[in-house]
Amino acid sequence: MLEAKKLSCIRDERSLFSGLSFSLSPGDIVQVEGANGAGKTSLLRILAGLARPERGEVLWHGRNTLRHRDQYHQDLLFLGHQPGIKSMLTPFENLQFYQAVRQAADRQAIWQALEQV
């Protein structure tokens, strides 16, 4: 379960949202809407642990995501509006980069994955 408790976000001395609370259970779908500058991306970045809220906290299975960041990120899949593939890198280099993010290094596994594709 993902839970937001009294989240507040300030950007450039402007409050984007404050006191935002909600909880999501497995299978729930959420649509985030708003005008440009309303705080949609800021909210998603906070939920993903890529930014900190001004106030409040995000909980994953009852645990604060900032205090248990590594465990939270193992369960997280964040799909943003920008592609996760770097066009200047080869497919091998892209996969090698994502292995390094997870502190893994297995060149053979990369080649096996590429052969399957």
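I count two residues as in contact when heavy atoms lie within 4.5 Å. With that in hand I looked up Ser42. Leaving aside neighbours within four places in sequence, Ser42 is in contact with Cys9, Arg11 and Leu16. I note that this is a predicted model.

**Entry: Ser42 and helix α1**

I placed Ser42 in helix α1. Is Ser42 buried or exposed? Ser42 has 13% relative accessibility, and the cut-off for buried is under 20%, so I log Ser42 as buried. I then listed the buried residues of α1: Ser42, Leu43, Ile46 and Leu47. Why do I say that they line one face of the helix? Looking down the axis of α1, I find its buried residues within an arc of 135°, so they line one face. I next asked what covers these buried residues of α1. The cover includes β1, β2, β3 and α2.

**Entry: the β1 and β2 hairpin**

Two of those covering elements, β1 and β2, also pair with each other. I have β1 at residues 2-11 and β2 at residues 14-24. How many bridges join them, and in which sense? I read seven bridges, in the antiparallel sense. I checked one bridge by name: Ala4 has Phe22 as its partner in β2. For the background, I remind myself that side chains in a regular strand alternate between the two faces of the sheet. Two residues sit between the strands of this hairpin. There I found Asp12 with a positive phi, near 50°.

**Entry: Gly49, after α1**

I moved on to the residue Gly49, which follows α1. Its phi is also positive, near 80°. I place Gly49 in the loop that runs between α1 (40-47) and β3 (55-60). Gly49 has a relative accessible area of 7%, so I enter Gly49 as buried. What does Gly49 touch, beyond residues up to four places away in sequence? I found Arg69 and His73. I also looked up the spacing of Gly49 and Arg69. They are 20 residues apart along the chain, and their C-alpha atoms are separated by 7.4 Å.

**Entry: Thr65**

I looked at a second loop, between β4 (63-64) and α2 (69-75), and found Thr65 there. Thr65 is buried, since its relative accessible area is 4%. Which residues does Thr65 touch, not counting those up to four places away in sequence? My list reads Val58, Leu59, Trp60 and Tyr72.

**Entry: aromatic pairs**

I count three aromatic pairs. One of them is Phe97 with Tyr98. I read this pair as edge-to-face, with 4.9 Å centre to centre and 80° between the planes. Are the two residues buried or exposed? Neither word fits, because partly exposed covers values between 20% and 50%. I log Phe97 as partly exposed at 40% relative accessibility. Tyr98 is partly exposed too, with a relative accessible area of 36%.

**Entry: domains and record**

Last, I stepped back to the whole chain. I have the protein divided into domain 1 (2-75) and domain 2 (82-116). How far apart are the domain centres, taken over C-alpha atoms? They are separated by 29 Å. I also checked UniProt, where an unreviewed entry places the feature "domain: ABC transporter" at residues 18-116. I looked up that span in the model. Its end C-alpha atoms lie 47 Å apart. I note 36% helix and 15% strand for the span.

How values were computed
Residues are numbered from 1 along each chain as its sequence is written. This is a predicted model: local features need pLDDT of at least 70, side-chain atom pairs count only at pLDDT 80 or more; totals for chains, interfaces and linings use all residues. Side-chain values use heavy atoms; hydrogens and water are left out. Domain bounds come from an automatic or database domain assignment. UniProt positions are given in the numbering used here, feature names are shortened, and annotations may be inferred rather than shown by experiment. Helices (H or I, at least four residues) and strands (E, at least two) are DSSP runs, numbered from the N terminus. Rings of Phe, Tyr and Trp (its six-membered ring) pair if their centres lie within 6.5 Å; planes under 30 degrees apart count as stacked, over 60 as edge-to-face and the rest as tilted. Buried means under 20% relative accessible area, exposed over 50%, partly exposed in between (1.4 Å probe, protein chains only). Two strands pair if DSSP finds at least two bridges between them. The arc is that of the directions from the helix axis to the C-beta atoms.
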